[in-house]
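I opened a fresh notebook page for this one and went through it element by element. Here is what I looked up, in the order I looked.

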Amino acid sequence: MDREIPKEVRNKERNKKIIRFSAIGIVGIIGISVLISLLRTGVQKKDLVFSTVDKGTIEVSVSASGKVVPAFEEIINSPINTRIVEVYRKGGDSVDVGTPILKLDLQSTETDYKKLLDEEEMKRYKLDQAKVNSQTKLSDMAMQIKVSEMKLARMKVELRNEQYLDSLGAGTTDKVRQAELSYNTSRLELEQLKQQLAAADLKVLELDLNMFRKGLAEMKRTLDDAQIRSPRKAILTYINNQIGAQIPQGGQVAIISDLSHFKVDGEIADTYGDRVAAGGKAIVKIGSEKLEGIVSSVTPLSKNGVISFSVQLKEDNNKRLRSGLKTDVYVMNAVKEDVLRIANASYYVGRGEYDLFVMTSDDEIVKRKVQLGDSNFEFVEVVSGLNPGDKVVVSDMTNYKNKNKLKVK
């Protein structure tokens with residue numbers, strides 16, 4: 001006969017089953033949670049770069065590309081059509097003022113110059129001969145003037161006598177008029193002789209000779225320039241060393257540069273042309289080095305969609321500067337104070353809306369829509385979406401653009 005199980009025993013067995021099933025459920029939940037946590041996409045904290053949002057000043061700038069060039073560079077051109085006869089220097093040589101660089105064929109030019117010297121001598125001889133002949137003529141004219149002056153004085157006396165006789169009734173009006181006519185005629189003849197004397201001073205011949213001598217001096221200057229010498233102390237950065245090569249007038253034969261001082265030639269899209277002006281502050285970045293400068297000049301016209309400008313550096317002899325080196329140039333054009341800002345990095349490509357990851361806990365970052373404004377090479381203005389103290393990821397997150405939340409490992 002079956003015996004009834006006591007109630008305490010039945011309750012005890014039931015409690016054991018409840019505890020057993022509860023434990024299994026808890027372990028299952030924990031396991032599922034751990035599995036979900038393990039499956040969730042994560043990122044290594046050491047691979048992230050954070051920037052903390054703060055308030056401060058931003059000197060707004062526009063970025064441009066730049067190239068380091070010598071602060072001084074002079075192109076030496078041939079002043080005549082000629083050919084290269086000898087080369088005395090090579091690229092990279094240091095040259096001083098007057099140092100011969102190369103020799104051009106000047107034979108035909110020197111021959112032309114000598115012909116002009118002979119022509120000048122002939123013109124000068126003709127002028128001297130004309131002066132001698134003119135001196136005799138001038139002496140004759142001077143004598144004629146004296147005779148005319150005496151004749152005019154006599155006629156003046158005769159005119160006064162006729163006028164006096166006419167006033168007494170002893171003369172006639174016709175005689176007075178005749179005397180006046182003779183007097184006036186002689187006076188005009190005298191004035192004409194004086195004008196001829198003034199005009200006969202060989203000014204035309206002298207002017208012709210002076211003009212010829214100016215042309216001769218220009219020829220001499222061209223001949224001197226054809227003696228290719230360094231105009232100053234510098235480095236010879238280019239030379240046409242092809243002996244026998246034909247060089248047209250104005251053709252480049254050498255370039256000398258001062259490689260101890262540099263400037264930066266920049267280019268920027270013409271849409272930002274109104275933000276670049278002479279006198280504006282500029283920062284030139286060479287790697288991690290930041291060099292201050294001033295915009296010294298801006299080209300007035302756009303070419304192929306870009307505007308060119310030059311930056312004069314305060315430290316133009318910095319050891320990092322090398323001719324031809326590519327740089328980033330930031331031209332300041334405004335100042336914004338007391339604005340929210342974060343560090344500038346590759347994520348920023350201009351004003352607009354961005355999806356940035358913001359740290360919410362020690363092991364999680366969440367995507368947030370953020371409105372960004374102006375920038376400079378250090379900071380970006382935060383218009384909305386972030387608060388002071390927020391830690392924002394500013395490193396490249398392209399691989400996680402489809403994720404809204406990431407675990408930080």
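**Entry 1: a glutamate to begin with.** I started at Glu381, which is found in strand β17, residues 379–384. A note to self before going on: this is a predicted model. Is Glu381 buried or exposed? Its relative accessibility came out at 12%. Buried means under 20%, so Glu381 counts as buried.

I then asked which residues Glu381 touches, not counting those up to four places away in sequence. I wrote down Ile58, Lys336, Val339 and Leu340, and then the run Gln371, Leu372, Gly373 and Asp374.

**Entry 2: the partner of β17.** Leu372, one of the residues that Glu381 touches, led me on to β16, which spans 364–375. I found β16 and β17 paired in the antiparallel sense over three bridges. The bridge partner of Leu372 is Val382 in β17. The two strands form a hairpin, and I noted three residues between them.

**Entry 3: the other partners of β16.** I kept following β16. Strand β15, residues 352–361, pairs with β16 in the antiparallel sense over nine bridges. A hairpin of two residues joins β15 to β16. For a fixed point on this pairing I took Met359, whose bridge partner in β16 is Ile365.

Strand β19, residues 405–408, also pairs with β16, again antiparallel, over three bridges. Here I marked Glu364, which stands opposite Lys407 in β19.

**Entry 4: the largest pocket.** How much space lies in the largest pocket? I read off about 400 Å³. I listed 15 lining residues, and those nearest the centre are Ser61, Ser63, Tyr348, Gly350 and Ser375.

I sorted the lining by class and got seven nonpolar, five polar and three charged residues. Which elements each supply at least two residues of the lining? I found β3 (54–77) and the now familiar β16. Of the lining, β3 gives the most, with four residues.

**Entry 5: the largest nonpolar core.** Next I turned to the nonpolar cores. The largest has 19 residues, and Val284, Phe309, Val311 and Val329 have the most contacts inside it. Several strands give two or more residues to this core: β3, β10 (252–269), β11 (281–286), β12 (289–298), β13 (306–313) and β14 (326–343). The largest share comes from β13, with four residues.

I looked up Val329 on its own, leaving aside its neighbours within four places in sequence. Val329 is in contact with Val62, Ser63, Ala64, Ser65 and Gly66, and also with Val264, Ile283, Val284, Phe309 and Val311. Ser63 was already on my page from the pocket lining.

Another core lies apart from the largest one. I counted 16 residues in it, including Ile76, Leu102, Ile228 and Val253.

**Entry 6: strands around β13.** Since β13 had come up in the core, I checked its pairings. β10 and β13 run antiparallel over seven bridges, and Ala269 has Val306 in β13 as its bridge partner. β12 and β13 are also antiparallel, over five bridges, with Gly293 bridged to Leu313 in β13.

**Entry 7: an open sheet.** What is the order of the four strands in the open sheet? I wrote it down as β7-β6-β4-β9, with antiparallel pairing. The edges are β7 (227–229) and β9 (246–247); each has a single partner strand, so one side of each is left without a neighbour in the sheet.

Inside the sheet I followed β4, residues 82–87, which pairs with β6, residues 100–104, over three bridges in the antiparallel sense. Val87 has Leu102 in β6 as its bridge partner. Leu102 was familiar by then, as one of the residues I had listed for the second core.

**Entry 8: the chain as a whole.** I left the totals for last. The protein chain has four helices and 19 strands. Of its 409 residues, 32% are buried. I also checked contacts in the chain with a separation of 6 or more, and 75% of them are between residues 24 or more positions apart.

How values were computed
Residues numbered from 1 in each chain as written. Predicted model: local features only at pLDDT ≥ 70, side-chain atom pairs only at ≥ 80, totals over all residues. Heavy atoms only, no water. 1 Å grid on protein atoms, 1.4 Å probe; cavity = no way out; pocket = protein on both sides within 12 Å on 5 of 7 lines; lining within 4 Å. Points joined across faces, edges and corners; volume = space filled by probe spheres on them. Nonpolar A, V, L, I, M, F, W, Y, C, P; charged D, E, K, R; others polar. Core = buried A, V, L, I, M, F, W, Y, C linked by side-chain atoms within 4.5 Å. Buried < 20%, exposed > 50% of the residue type's maximum accessible area, 1.4 Å probe, protein only. Contact = heavy atoms within 4.5 Å. Pairing = 2+ DSSP bridges.
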